[in-house]
Amino acid sequence: MLDDPRTVRITGDDTAAVFRRATDVEPAAGTGPAAGTGPAAGTGPAGGSAGRGPVPEAYVWCNLTSGDGTRALWLLLLPFMVVNLAHWMRPDARGRVRTLRLYGLLVRLAALTLTVLLVAGACEVALDLAAWQCAGTPACAERHTWLGFLSPAGSDGGWWSRPGRRLALAALLPAALTGLLWYLSHRTWNAYESQRPLPFEDRPGEDSGGTALGRPGFWYGRRLVARLRAAHTAAGLLTVAAVLTAAAFGHDREPGGPAALDLLGRLLGAALLGGALAVVWVVCRRGRSERRPDREIDTLLVRLLPLGALAALVLALLYAGWERPGWRSAGRLPGDTAFGGIALAQGLLVIALAVVAHVLHRALPDPRVALRGLGGPAVALLACALGGVMAGGVSQRVADWLDGTGASIPGPPVLLTWQASVIPPHLVVLLAVCALLARRTLRLARAEREAVERDYPDETREPARTRRIARVRALATLTDSAPLVVAVTAVTTLLLGAGALAGALLSDRTPGRAAEHAHPFVQGAADTAQALGSWLIGLGFILFVTWGRRAYKDPSARRTIGILWDVGTFWPRAAHPFAPPCYAERAVPDLTWRMTSWTRATGGRLVISGHSQGSVLAAAAVWQLSPADRGRVALLTYGSPLERLYGRWFPAHFGPDALGALHRELDCWRNLHRPTDPIGGPIRLPGDCGPEVDRPALKDPLAHGRTDRHPLPAPVLGHSDYQADPAFAEERERLLADLRPGGVPAPRHTPVREETPGG
């Protein structure tokens, strides 16, 4: 970014820091404008730098999304990250406060069901498949000697071979998973959400430019995350306790069962129900507080709710482990009811969320918004489906491992088998959509050839080169087809998921057995879908684990995952506390502090430039500035997804009104884009504002063939290397010139160009 191998860290730490070229570092520490793609901390005048002109600085934040090997664990949190995105994808509708609160409430409840689903999947593996089915079946226990002490036959009726004690011991695994999720959330909470924003004594907490991103408390979600973390931790522990209690109570309530244990089971069930209601109340009671930094922590609630759930789990362990003569494990634990209830609740929540989103979109319709405002419900549905695939994939893979022949144990719940069986038809639909997009891209590539030839009128054009450039341009437009893919995927998921739920509940048998007396074609299709679905979901689980293991050891693979997190973890954890942490809650305060401290200390002006995701960080940081400071800043964006991605999918925060207000409040703003860029695009401000911000699309490549200036073929750059285009230097110099009072910089008014690395 600085185009110099000799760089010096001016401020920051190993996670995120500001760098400057060694030749631009002042002789004495703190005497120059501190460096950064965003604000950090130089406090003295620009000593000695006025003669050299603008001083470039770089803010490096890549470790916030890639970092060390523990980031591979974030793959486990993928469904939580996706459902958290749904919270921020609501349509823009001002004045409908109650409807907006209802939207956030429904997303938080959907996120809560994902935590319950993940812990229930762990319970299915540890309690049902391993401890209940395999350990209770002599043939299965003989193949896995590590289960011998839990098997009645292998241990000669040992103490741990009682069904309740086997379940109690196995319950430690899902309880440990819940503890791991709490630890990861708490660890990142201290590192990210605890970053104090810039004080806002000189400005009220109103929306800046029609977006909430300018509110003082937007990037400080410490209190809400603490509350949600306590609620979700309690929900996970209560889920484990409920599985234990339900298994033991199913035996105690049978005729002739122990009356005392039956009463104890009823009391424990009532206590678990009360705990579940308390969790739902905490999740529903309070959303985000953005108009001011909410520094208070609900200490009593944050501590008592998880501790109460842990106490209930301990009681459930004691209750299940009590001696019960004559209790034998047979069949499956009642998992179909639990998984069916979760799937039904998720479907109803998504449908209700879609109704609310539709109402919001109709209040302020925008034709550019993805899926007519239904992007949030669609993404929430995909998060639920992803959670179901992960839970079902682990269960199916473990069942296949425990029972290679498929004859000794019943296997996972019927519903999970039905859900796996709908994966093949789902893939068929997606393949059809991909074929449609491929056909459309080919047609567009042919049409683009004429446009390519018009862009290079005075050059000798080679047909092969023209076709390649046209093909790259056509492929770049596939990004704009994302709403179609998401819509088809969501609708197919909803319909097939509803069919799987109905089939499992009505037949109580796997698809193959349910179709035994049907037409031979139907029976064959059911058997094929069941076998292929089981294989695909197991393969997906293996690929998931392999990818996570590779990411743990390979920094390059970890950086690839970091790119996926760039969009997913930009937003604060407003719906799910176990989602990967929001890096912007560290980066935006860094940038804001840097810009404010330098401009106020030196009286200078600066240009903040950002590429790709860095342009989103730059805009978010500028929104956090006071109006006086914002007027001393110019913005240069290139390869920016501000409108193409964020404006369409997050209209409430990056819609036309918000971006138009940002343009009016800034001293000046220019945006560069290419037709070959699959990520960046124009800002598309209405009226005269558009040409003021968007430069006409840059040529890519710079030359069609060999020229005197480009004797070798110029590369097609796409999303990268915007600085290689002469237009970049032209726009930068233009912004610097516009910022200089009278066109000549004073010694204390040295502009600073700041660059943000993109994804």
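**Close-up views of a predicted model**

**View 1. Asp-480 and Arg-644 form a salt bridge, with their closest N and O atoms 3.1 Å apart.** This pair links distant parts of the chain: Asp-480 sits in the loop between helix 13 (463-476) and helix 14 (482-507), while Arg-644 belongs to helix 21 (residues 642-649), 164 residues apart. Remember as you look that this is a predicted model. Are the two partners buried or exposed? Asp-480 counts as partly exposed, at 35% relative accessibility, and Arg-644 is buried, with a relative accessible area of 13%. Elsewhere, salt bridges that share partners join Arg-670, Arg-695, Glu-730, Glu-731 and Arg-734 into one network.

**View 2. Glu-57 and Arg-594 meet through their side chains in a salt bridge of 2.8 Å, N to O.** Glu-57 lies in strand 3 (residues 55-60) and Arg-594 in helix 18, so this pair ties together parts that are 537 residues apart in sequence. Look for how well covered both partners are: Glu-57 is buried, with a relative accessible area of 0%, and Arg-594 is buried too, also at 0%. Side chains of opposite charge can pair when their charged atoms come close. A search of the whole structure finds 24 salt bridges.

**View 3. Asp-4 and Arg-6 make another salt bridge, with their closest N and O atoms 3.6 Å apart.** Here Arg-6 is exposed, with a relative accessible area of 53%.

**View 4. Trp-593 is found in helix 18 (residues 584-602).** How covered is this residue? Trp-593 is partly exposed because its relative accessible area of 39% falls between the limits of 20% and 50%. Now find Leu-625, which is 32 residues away from Trp-593 along the chain. The C-alpha atoms of Trp-593 and Leu-625 are separated by 9.0 Å.

**View 5. Strand 6 (residues 668-672) is mostly covered, with five of its five residues buried.** Which residues lie on each face of strand 6? Cys-668, Arg-670 and Leu-672 are on one side, Trp-669 and Asn-671 are on the other, and both faces are covered. The strand has a partner as well: strand 5 (residues 633-638) pairs with strand 6 in the parallel sense, over five bridges. To see the two strands side by side, find Leu-636, which stands opposite Arg-670 in strand 6.

**View 6. Helix 25 (residues 726-739) has an end-to-end span that agrees with expectation.** At 1.5 Å a residue, its 14 residues should span 20 Å, and its end C-alpha atoms are indeed 20 Å apart. Asp-725 caps the N-terminal end of helix 25, where a side-chain oxygen lies 2.9 Å from the backbone nitrogen of Ala-727. The buried residues of this helix are Ala-727, Phe-728, Glu-731, Arg-732, Leu-735, Leu-736 and Leu-739. As you follow them along, keep a handy rule in mind: an α-helix has 3.6 residues a turn, so residues three or four places apart point the same way.

**View 7. Leu-307, Leu-310, Val-314, Leu-315 and Leu-318 make a nonpolar surface patch of about 470 Å².** A good starting point is Leu-307, which has its place in helix 8 (residues 299-321). Is Leu-307 buried or exposed? Leu-307 is exposed because its relative accessible area, 53%, is over 50%.

Methods: Residues numbered from 1 in each chain as written. Predicted model: local features only at pLDDT ≥ 70, side-chain atom pairs only at ≥ 80, totals over all residues. Heavy atoms only, no water. Buried < 20%, exposed > 50% of the residue type's maximum accessible area, 1.4 Å probe, protein only. Helix = DSSP H or I, 4+ residues; strand = E, 2+ residues; numbered from the N terminus. Pairing = 2+ DSSP bridges. Patch = residues over 30% accessible without salt bridge, like charges linked within 9 Å, V, L, I, M, F, W, Y side chains within 5 Å. Areas by Shrake-Rupley, 256 points an atom, 1.4 Å probe, with all protein chains shown as cover. Salt bridge = Lys/Arg side-chain N within 4 Å of Asp/Glu carboxyl O. Expected span 1.5 Å × (residues − 1). Polar contact = N/O pair within 3.5 Å; in protein donor to acceptor, adjacent residues only side chain to side chain.
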